[in-house]
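Please look over the structure shown here before reading on. The report below is meant to be read with the sequence and the coordinates side by side.

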Amino acid sequence: MHFPLRPRRSMLYMPGANARALEKARMLPADSLILDMEDAVAPDAKAQAREQIVTAVNEGGYGKREIIVRVNGLDTAWGKDDLYAIAKLPIDGILLPKIDNLQQINDSIDQLNAAGASEQLPIWIMAETAACMLNIASIATHPRLAGIVMGTSDLAKEIRAKHTADRIGMLVPLSLCVLAARANGLEILDGVYLNLDDEAGFCVACEQGRNMGFDGKTLIHPKQVDIANQIFSPSGAEINHAQEVIHAWEEARQASKGVVVVNGKLVENLHYEESQRILALAGAIKERHGQTI
Ligand SMILES: CC(C)(COP(=O)(O)OP(=O)(O)OC[C@H]1O[C@@H](n2cnc3c(N)ncnc32)[C@H](O)[C@@H]1OP(=O)(O)O)[C@@H](O)C(=O)NCCC(=O)NCCSC(=O)C[C@H](O)C(=O)O
Ligand SMILES: [Mg+2]
């Protein structure tokens, strides 16, 4: 499946049981919103969260923000009802938690089909179990998948990794998932940063995720949105360089040259393609900010 380019620098979770957060999100500059029925919602608030999410989505008012609903797993008491409740909602995607294998994705799609969901509804998965890490190369080939969201909290708990500043315990899982995403043309979002009072640490984590190849970061609080938007946007210098590369490369091609040097750096076709991607992303971000948010 081909999905059009859109910025996903900031993907903000909000508990479906929190009516104020669902309301507030209509005004926040996040690129994407995850309306959560799963782990941010207590068991006795699951039905209320589902109802509030359905109402909020039907009421609309989220502008061009991408709306993704995270459901409970099919192995829980709520998963099937969640899928039926959202099957026909005007949302941009559904996020399946704790995916270990392809079969679980197919089982959810069967339920969605039975509930009358469009076959175009993009499917996202949470990569947050040890089994998922070992199977991600095959999971990521599923033809309905649009993207992967890292669940670093669940994963750290399961593998008993510590949450350190350098995220050493997460580096292999994060890289494995980036590789699987890129090999299959999927989007990929980094996990959440839990310490809301540590802005410097949050910036470092965003930069690390960006440098590893992530498209953006999942967030838990509105105060994290602007920082993620800034760090995952191409910088002015990157945009200028991309423009120079494209210009120089097109001139080189006309002169039948296969390489050219721009600002002291060798430029080949791959740099031309990467520069095109950077400019396309910068254009999509500009369009995003031109909208009423
Ligand atoms: C962490 C929070 C519980 C803090 O909430 P609160 O005490 O209300 O914070 P503030 O008073 O600072 O909030 C200021 C205003 O912002 C609104 N708000 C807060 N959080 C959100 C949000 N996530 N989305 C939208 N709006 C939000 C408040 O309502 C205040 O508004 P106002 O009334 O105008 O002042 C809370 O932030 C929170 O619940 N965050 C989300 C937690 C969550 O979703 N967790 C689950 C996802 S993480 C996960 O599961 C990862 C993965 O699965 C893994 O395994 O790693
Ligand atoms: Mg989780």
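What follows treats the surroundings of the ligand, the annotated positions and one helix.

The model is predicted, and the values in this report are to be read with that in mind.

**Surroundings of the ligand**

Ligand 1 is surrounded by 23 residues, and the closest of these are Y13, A40, G151, S153 and D154. Sorted by class, this shell holds 11 nonpolar, 6 polar and 6 charged residues. Three elements, β1 (10-15), α1 (19-24) and α6 (152-159), each provide at least two residues of the shell, and the largest contribution, 4 residues, comes from β1.

**Annotated positions**

An unreviewed UniProt entry carries the feature "binding site" at R70 and E128. These two positions are spread over 59 residues of sequence but cluster in space, with a largest C-alpha distance of 13.7 Å. The "binding site" annotation of the unreviewed UniProt entry also covers E128 together with D154. E128 and D154 span 27 residues in sequence, yet their C-alpha atoms are no more than 5.6 Å apart, so they gather at one spot.

The count of C-beta neighbours for each annotated residue is set out in the table, where a residue with 20 or more such neighbours within 10 Å is taken as buried.

| Residue | Other C-beta atoms within 10 Å | State |
|---|---|---|
| R70 | 24 C-beta atoms | buried |
| E128 | 24 C-beta atoms | buried |
| D154 | 19 C-beta atoms | partly exposed |

R70 lies in strand β3 (residues 66-70), and, leaving aside residues up to four places away in sequence, R70 touches I34, D36, M37, E38, L95 and P97. E128 sits in the loop between β5 (123-127) and α5 (130-139); with sequence neighbours up to four places away again left out, its contacts are K98, G151, D154 and L155. D154 belongs to helix α6 and, counted in that way, touches K98, E128 and T129. K98 therefore appears among the contacts of E128 and also among those of D154, while D154 is itself one of the residues closest to ligand 1.

**Helix α11**

Why can the length of helix α11 (residues 269-290) be said to agree with what is expected? At 1.5 Å a residue, its 22 residues should span 32 Å, and because the end C-alpha atoms are 32 Å apart, the two values agree.

Which residues of α11 are buried? They are H271, S275 and L281, and because these residues cover an arc of only 125° around the axis, they lie on the same side of α11. An α-helix has 3.6 residues a turn, so residues three or four places apart point the same way. The buried residues of α11 pack against α10 (236-254) and β10 (265-267), whereas the face turned away from the buried side carries the exposed residues N269, R277, E287 and G290.

Methods. Residues numbered from 1 in each chain as written. Chains lettered and ligands numbered in written order. Predicted model: local features only at pLDDT ≥ 70, side-chain atom pairs only at ≥ 80, totals over all residues. Near = placed C-beta within 6 Å. Nonpolar A, V, L, I, M, F, W, Y, C, P; charged D, E, K, R; others polar. UniProt positions renumbered as here; feature names shortened; annotations may be inferred. Buried ≥ 20, exposed ≤ 12 C-beta atoms within 10 Å, placed from the backbone. Contact = placed C-beta atoms within 7 Å. Expected span 1.5 Å × (residues − 1). Arc of directions from axis to C-beta.
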